[in-house]
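The exercises below are meant to be worked with the coordinates open beside the text. Each begins with a task and continues with a solution in steps.

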Amino acid sequence: MKIGYLGPKATFTEAAAALLFPSQPREPYDTIPDCIDAAAAGEIEAAVVPLENALEGSVNLTLDYLIHEQPLPIIGEIVVPIEQHLMVHPYFTPHWREVKEVYSHSHAIAQCRKFLHTVLKGAKQVPMTSTSAAAKFVSEHPHLPAAAIANRLAAEKYGLVIVQENVHDYDYNHTRFIVVSRRKETLSPASPLYAGDKTTVVVMLPQDRPGALHQVLSAFAWRRLNLTKIESRPAKTGLGNYFFIIDIDAPMDDVLIPGAIAEIEALGCTVQLLGSYPYYFA
């Protein structure tokens, strides 16, 4: 069975999928909803989609689609470093400092401002639909004085030469990718990339009242359950109505997390479990 991922090919999402599923065939999808829908329909075994970037923040489409449209369980997560490289066609390698145009996704261009300003000052910055699309364009136009900013996988796929590695401005740029599937089994922790387990829940408060969120968080605090992330998103039921996405740094157990959920529900809140799963660091 294939593994789906947010395409096109040779993007960071495919790199994440390849790390988790190195021996399974992979199928790119044009959009996050398309990829998740394919997993829900059983067309693919699992879908790998981005969830959060260290610089750009959460991928709201992923969160909203899983909560409002297609509530597939999360069965795994991987954090991948975002390393951007400058690459050119082999024909143009000796003259790469003379490039007149640099192609990449707008986010990648923004993440490489310092390099572009100092090393390729004056080169036109051309946004593309993805870093992979930029690499593909440069490979198909060998006589253009052009370069692409993309990852190593794109360079390999399209036969480009990396002339400058790690041209991104921030070394701590990482992206979290999640794996969703119809199956109930989570990914195996038997991997050198395995870093632990977490549980993700969605909490909807019954009404906006003083101390409501404090009461919710207290249910985790006195049980010494560490929370690694708390994020609010519009509930899409009216202005000012929000739900909270909470990551718990622990696997689902028989006592602590079920007890916290029961206490929160006793406050009149609605709790939805998005998944309890292993996470990995590349």
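## Exercise 1: A surface patch

Task: describe the nonpolar surface patch that contains L55, and place L55 in the chain.

Solution. L55, Y170 and Y172 together make up a nonpolar patch on the surface, with about 290 Å² of accessible area between them. A patch here consists of residues with over 30% relative accessible area and no salt bridge, where like charges are joined within 9 Å and nonpolar side chains (Val, Leu, Ile, Met, Phe, Trp, Tyr) within 5 Å; areas follow the Shrake-Rupley method with a 1.4 Å probe, and for residues only the protein chains shown count as cover. L55 itself sits in the loop between β3 and β4 (57–58), where helices (H or I, at least four residues) and strands (E, at least two) are DSSP runs numbered from the N terminus. With a relative accessible area of 31%, L55 is partly exposed, a class that lies between buried (under 20% relative accessible area) and exposed (over 50%), using a 1.4 Å probe and protein chains only.

The model is predicted, so local features need pLDDT of at least 70 and side-chain atom pairs count only at pLDDT 80 or more, whereas totals for chains, interfaces and linings use all residues. Residues are numbered from 1 along each chain as its sequence is written, and side-chain values use heavy atoms, with hydrogens and water left out.

## Exercise 2: Helix α2 and the core

Task: determine how many residues of α2 are buried, what covers them, and what α2 supplies to the largest nonpolar core.

Solution. Step one is the count: helix α2 (residues 32–40) is mostly covered, with seven of its nine residues buried, namely I32, P33, C35, I36, A38, A39 and A40. Step two concerns the cover, which includes β1 (3–6), β2 (26–29), β3 (46–53), α3 (60–69) and β11 (174–180). Step three turns to the core, defined as a set of buried Ala, Val, Leu, Ile, Met, Phe, Trp, Tyr and Cys residues joined through side-chain atoms within 4.5 Å. The largest such core has 26 residues, and I36, L72, I178 and V180 have the most contacts inside it. Its largest share, six residues, comes from α2. Another core, of 18 residues, lies apart from it and has F220, L225, I246 and I257 among its members.

A further step looks at I178, which is in contact (heavy atoms within 4.5 Å) with A47, V48, V49, L51, T62, L66, I74, G76 and E77, once residues up to four places away in sequence are set aside. Just after α2, G42 adopts a positive phi of about 85 degrees.

## Exercise 3: Salt bridges of R176

Task: which partners does R176 have in salt bridges, and where do they lie?

Solution. A salt bridge requires a side-chain nitrogen of Lys or Arg within 4 Å of a carboxyl oxygen of Asp or Glu, and by this rule the count comes to 13. R176 and E52 meet in one of them at 2.6 Å, N to O; this pair links R176 in strand β11 to E52 in strand β3, 124 residues apart. R176 also pairs with E77, the closest N and O atoms being 2.7 Å apart. Because R176 lies in strand β11 and E77 in strand β5 (residues 74–81), this second pair ties together parts that are 99 residues apart in sequence. R176 and E77 are both buried, whereas E52 is partly exposed, with a relative accessible area of 21%. Salt bridges that share partners join E52, E77, R176, K198, K229, E231 and D247 into one network.

## Exercise 4: Loop geometry

Task: examine the backbone at P8 and A10, and then the surroundings of S130.

Solution. The peptide bond from G7 to P8 is cis, with omega near 5 degrees, and P8 lies in the loop between β1 and α1 (12–20). A10 is placed in the loop between β1 and α1 as well; its phi is near 70 degrees, a positive value in a residue other than glycine, and A10 is buried at a relative accessible area of 0%.

S130 belongs to the loop between β8 (124–128) and α6 (131–140) and counts as buried at 7% relative accessibility. Its side chain reaches the backbone nitrogen of A133 at 2.9 Å. Leaving aside neighbours within four places in sequence, S130 is in contact with P8, S104 and H105.

Definitions and conventions
Polar contact = N/O pair within 3.5 Å; in protein donor to acceptor, adjacent residues only side chain to side chain.
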